[in-house]
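Please open the model in your viewer and keep the selection box at hand. We will go from stop to stop, with something to select at each one.

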Amino acid sequence: MTKYYIKGITLALLAFVGFTQHATHNGLPVQTDDNGGLFLPEGFEATVVVDSLPGRARHLAVNENGDIYVKARFVRNQNESVIALRDTNGDGRADIIKTFGGLGRERAYGTAMRIHNGYLYFSSELNVFRYQLKPGELVPSSPMETILTDDHKHGLHEHIAKPVTFDNEGHIYVAFGAASNGCQPKNRTPNMAGIDPCPMLEDHGGIWQFDANKTGQTQKDGHRYATGLRSVVGMDWNPVNNSLYALQHGRDDFLMLWAEKYTPWQSAVFPAEELFQVKDGMNGGWPYCYYDQAQGKKLLNPEYGGDGELVGRCGDYEKPLIGFPAHWAPNDLLFYQGTAAKNGFPERYRNGAFIAFHGSTNRAPYPQAGYFIGFVPAKANTLSSDWEVFADGFAGVDPIINVSDAAYRPMGIAMGPDGSLYIAETEKGKIWRVTYKGNKQNFGAAQLAQMESRKKMSNIRDPDLIADNLDRDKPVAGGKVYGVYCSACHQRNGLGDSQRFPPLAGSEWVTGDKKKLITVLLKGLEGPIDVKGQSYNNAMPQHSFLKNEDLAEVLTHIRQNFGNTADAITAGEVNEVRLAIDKASAPTRKLNTKTKR
């Protein structure tokens, strides 16, 4: 064995055991060997800044003095939304950690953390706030200002993250995600056409431009800068060409919603996650279209008559610079401005873009994918159409069968004043600082080839149609109903994804009142709920289209598996609840009929 092969095995073993750390005398974690478990190009090193954080982590920002500000993923109380970290002894690890800011409880979608013109901007699900930063202060003494309030009557919904970025003319850009997969009258219902034109596009599914220095704004005070973007979490302003760039999360559920048109393999790898250069007035085409990265075309979504081949009106919408494979969840974007002359990265990285791929949830029956930091080099004042693997090994397992199997999921990226790169992840709130220690003049093809080989890993390459099918020659756990309609969200092990999709294992919603559980499956559930003491904010689609026998089978499965020991549910019990729902909704249907007349 070569020394490189042995080192690779060592890193894999460290990843598998979860990068165990020992506490120092002050209770803080010490740096692990081998880059904190990460695979990086030769010459780069990673230091573990902090092993875990209260509230975990979403985006982060680094001040000019090295102080780190992190957006908490889960917020229970007021003054816990921002996590501030300081290294006082220069060892690269945080030894002061404080929380501040925010109005109260948040449920995983609070996202933004940016420093701009001396102000710290951050977001909850419904607000964008800021503090003025003063030299020497870790926790700002200035009052918190509310820049923007999402005042829509619907309140919380899926895709409600509020990422922000800034141009050079005093504007802040904020994404408003659409609470839908394909603008269907009933969200995520099999074989149901989408509404045309989609009314959501009036105030969702796009990016709005606001005054970065004006407080008390609502969406009506802004300008719709771009539309046709289902869900944007990662975006940044490119100072080289003075332009906005954004990453769209592509739609989901080809298999669950359109099983007659799309195979499990197609549902795993399509449609693309899209990287756009966003110009004023741009239309990305959602919900009418999606991007097929293999064909290099925008195609009609099945909700609008598509079949995986038809282009139709989609030729009129903006094509992306890059179409990444489906469901990788690109959750942050950073144009790197460090210079090799000032202790930054090698010149190759200047003006290129780093992307944090949080990782997929719904690629079953194939392995989950993403869970790494990518890089897109600069080219002719914009970005190349090629991409590289910059940092991998976050998940710690291969293949990633369930989301909960992944040790870490990268989320936030930021540049330090010395050109170092900071990476935050969501599962524990771990933060790495990546620096370059090699010879910058010699950095090139050999180091890049090392990382190119990472594209052979199952979390990055396209799955093999047969060999990578995890259900090959095996019965599907829970039967076809669970495999098609449940496992994409709640996962094959019933543990969910720790953010949007709650666990079925040990859930009071599953093992408790039967009628309540049956009702949720028949009617669906919109908005935030608490499961086992943790908040989740996503849509549970209605499944009334399934037969009573199918519903009874899958409900019995989840009540008697994943460590649950509740009694079974019969088709008769499902039918009883179905009839009660129909009876309760009958007066409403009659009223709607009279109104239409």
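How far is the sulfur of Cys489 from the closest cysteine sulfur, and which residue holds that sulfur? Before you select anything, bear in mind that this is a predicted model.

**Stop 1: two cysteines without a bond**

Select Cys489 and Cys486. The sulfur of Cys489 has its closest cysteine sulfur in Cys486, at 8.5 Å, which is too far for a bond. Starting from Cys486 gives the matching picture: the closest cysteine sulfur is that of Cys489, 8.5 Å away, again too far for a bond. A disulfide is called here when the two sulfur atoms lie within 2.5 Å. Now colour by accessibility: Cys486 counts as buried at 13% relative accessibility, whereas Cys489, at 21%, counts as partly exposed.

**Stop 2: the disulfides**

A disulfide is a covalent bond between the sulfur atoms of two cysteines. The count for this model comes to two disulfides.

Select Cys183 and Cys198 to see one of them, with an S to S distance of 2.1 Å. Both cysteines belong to the loop between β13 (171-176) and β14 (206-211), and they are 15 residues apart. Look along the S-S bond: the angle about it is 95°, and the link is right-handed. Cys183 is buried, at 1% relative accessibility, and Cys198 is buried too, at 5%.

Next, select Cys289 and Cys314, which are joined by a disulfide with S to S 2.1 Å. Which hand does this disulfide have? The torsion about the S-S bond of Cys289 and Cys314 is about -90°, so this disulfide is left-handed. The bond links distant parts of the chain, with Cys289 in strand β21 and Cys314 in the loop between β22 and β23, 25 residues apart. Cys289 and Cys314 are both buried.

If you count the bonded cysteines along the chain, the disulfides follow the pattern 1-2, 3-4.

**Stop 3: aromatic rings**

Show the side chains of Phe, Tyr and Trp. Across the whole structure, a search finds 45 aromatic pairs.

Select Tyr288 and Tyr317 for one of these pairs. Their ring centres are 6.5 Å apart and their planes meet at 20°, so the pair is stacked. Tyr288 is in the loop between β20 (282-283) and β21 (289-292), and Tyr317 is in the loop between β22 (297-300) and β23 (322-324), so the pair ties together parts 29 residues apart in sequence. Tyr288 is buried, with a relative accessible area of 7%, and Tyr317 is buried with 18%.

Now move to Trp328 and Trp387, an edge-to-face pair with 5.5 Å from centre to centre and 85° between the planes. Trp328 sits in the loop between β23 and β24 (330-335), while Trp387 sits in the loop between β28 (382-383) and β29 (388-391), 59 residues apart. Both Trp328 and Trp387 are buried.

Go back to Tyr288 and add Arg313 to the selection: Arg313 lies over the face of this ring, 4.4 Å from the ring centre. For another charge over a ring, select Arg454 and Phe39, where the charged end of Arg454 is 3.9 Å from the centre of the Phe39 ring.

Finish this stop with one aromatic cluster, whose members include Phe44, Tyr336, Phe345, Tyr349 and Tyr436.

**Stop 4: an open sheet**

Switch to cartoon view. Strands of a sheet pair through backbone hydrogen bonds, either parallel or antiparallel. Find the open sheet of five strands, in the order β8-β9-β10-β11-β15, with mixed pairing. β8 (113-116) and β15 (217-218) stand at the edges with a single partner strand each, so one side of each has no neighbour in the sheet.

Zoom in on β9 (residues 119-123) and β10 (residues 127-132): these strands run antiparallel and are joined by five bridges. Select Ser123 and you will find its bridge partner in β10, Val128.

**Stop 5: helix α9**

Last, select residues 548-559, which make up helix α9. From first C-alpha to last, its 12 residues reach 16 Å, close to the 16 Å expected at 1.5 Å a residue. Is α9 largely enclosed or exposed? Nine of its 12 residues are buried, so α9 is largely enclosed by the rest of the structure. Among the buried residues are Leu551, Val554, Leu555, His557 and Arg559.

Terms used. Residues numbered from 1 in each chain as written. Predicted model: local features only at pLDDT ≥ 70, side-chain atom pairs only at ≥ 80, totals over all residues. Heavy atoms only, no water. Pairing = 2+ DSSP bridges. Helix = DSSP H or I, 4+ residues; strand = E, 2+ residues; numbered from the N terminus. Phe/Tyr/Trp six-rings, centres within 6.5 Å; stacked < 30°, edge-to-face > 60°. Buried < 20%, exposed > 50% of the residue type's maximum accessible area, 1.4 Å probe, protein only. Lys NZ or Arg CZ within 6 Å of the ring centre and 35° of its normal. Expected span 1.5 Å × (residues − 1).
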